[in-house]
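The following exercises are to be worked with the sequence and the coordinates at hand. Each task is followed by a stepwise solution.

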Amino acid sequence: MTRDAKTLAADDRRAGPAVTIEAMLAARERRVARRRDAFAARPDVSLVTLSVVMPGPVKDSQLSRTAAAAAHAALERLFAARGFTTTTLAAETGPTGPEALIAVAADPRALKRALVELEELHPLGRLWDLDVAAPGDRAVSRRDLGLPPRRCLVCDAPAHACARSRAHPLDALLTAMEERVDAWLCCPVD
């Protein structure tokens, strides 16, 4: 395959509708409303919000859908292995990317620890954003557990610092994502 053909194939996996900041903010508001409704119906569960770390204006692409499908499968295995009872309350893919909301009968701090471990150990885990909300809709963060922040997709610096400073061009971030997906597709390790 020529370099241009490789670039085209990579671009195809990245292709999708560009979304506006307004659409992203509206999607965030829908997630908040879904969580609020979920806690109103089931105040005793923890909630996991699954989304894909997808830099740039395109959130729904073959690349993000592959990462999301792997996350769903890994979560199912994790929940079964830990004996967590779960109910998927919502799972959809729209212009703002794949996302899901899952009710989990588990201690929120233990759940967050398990999800951080999954994010750190699974070959695609860095591409996932697995948030936990405790009853009362209180977020449980890495910091709450005394854990270090997520690392950058490209370098080993804290991800938020690189994102804030725009330390890496979009192409470098998407290439890093593709390399992880390609390695996993070649030799899946869960």
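**Exercise 1.** Determine which residues Trp128 touches, leaving aside residues up to four places away in sequence, and place Trp128 within the nonpolar core of this predicted model.

*Solution.* Step 1: the contacts of Trp128 include Ala67, Ala70, Ala71 and Ala74. Ser51, Val53, Leu118, Glu119, His122 and Arg150 are touched as well. Step 2: the largest nonpolar core has 36 residues, and Trp128 is one of the four that touch the most other members, together with Phe79, Leu111 and Leu115. Step 3: at least two residues of this core come from each of strand 1 (46-52), helix 3 (62-82), strand 3 (97-105), helix 4 (108-121), strand 4 (128-134) and helix 6 (170-186). Helix 3 contributes the most, nine residues. Step 4: a second core, separate from this one, has eight residues, among them Phe39, Val45, Leu47 and Ala90.

**Exercise 2.** Classify the aromatic pair found in a search of the whole structure.

*Solution.* Step 1: the search returns one pair, formed by Phe79 and Phe84. Step 2: the ring centres are 6.3 Å apart and the planes stand at 50°. Step 3: planes under 30 degrees apart would count as stacked and over 60 as edge-to-face; the pair is therefore tilted. Step 4: both Phe79 and Phe84 are buried.

**Exercise 3.** Is Ala159 buried or exposed, and which residues does Ala159 touch beyond four places in sequence?

*Solution.* Step 1: Ala159 belongs to helix 5 (residues 159-165). Step 2: its relative accessible area is 16%, and the cut-off for buried is under 20%; Ala159 is therefore buried. Step 3: the contacts of Ala159 are Arg126, Arg150, Arg151 and Cys152. Step 4: Pro149 lies ten residues from Ala159 along the chain, with 7.4 Å between their C-alpha atoms.

**Exercise 4.** Describe the largest pocket by its volume, its lining and the elements that supply this lining.

*Solution.* Step 1: the volume is about 1,700 Å³. Step 2: 49 residues line the pocket, and those closest to its centre are Ser51, Val53, Asp129, Asp131 and Arg150. Step 3: the lining divides into 26 nonpolar, eight polar and 15 charged residues. Step 4: the elements that each supply at least two lining residues include helix 2 (21-41), strand 5 (138-140) and helix 5. Helix 2 gives the most, with seven residues.

How values were computed
Residues are numbered from 1 along each chain as its sequence is written. This is a predicted model: local features need pLDDT of at least 70, side-chain atom pairs count only at pLDDT 80 or more; totals for chains, interfaces and linings use all residues. Side-chain values use heavy atoms; hydrogens and water are left out. A nonpolar core is a set of buried Ala, Val, Leu, Ile, Met, Phe, Trp, Tyr and Cys residues joined through side-chain atoms within 4.5 Å. Buried means under 20% relative accessible area, exposed over 50%, partly exposed in between (1.4 Å probe, protein chains only). Helices (H or I, at least four residues) and strands (E, at least two) are DSSP runs, numbered from the N terminus. Contact means heavy atoms within 4.5 Å. Rings of Phe, Tyr and Trp (its six-membered ring) pair if their centres lie within 6.5 Å; planes under 30 degrees apart count as stacked, over 60 as edge-to-face and the rest as tilted. On a 1 Å grid over the protein atoms alone, a cavity is a set of points where a 1.4 Å probe fits but cannot get out, and a pocket is an open set with protein on both sides within 12 Å along at least five of seven lines; lining residues have an atom within 4 Å of a point. Grid points are joined across faces, edges and corners, and a volume is the space filled by probe spheres set on the points. Ala, Val, Leu, Ile, Met, Phe, Trp, Tyr, Cys and Pro count as nonpolar, Asp, Glu, Lys and Arg as charged, and the others, Gly among them, as polar.
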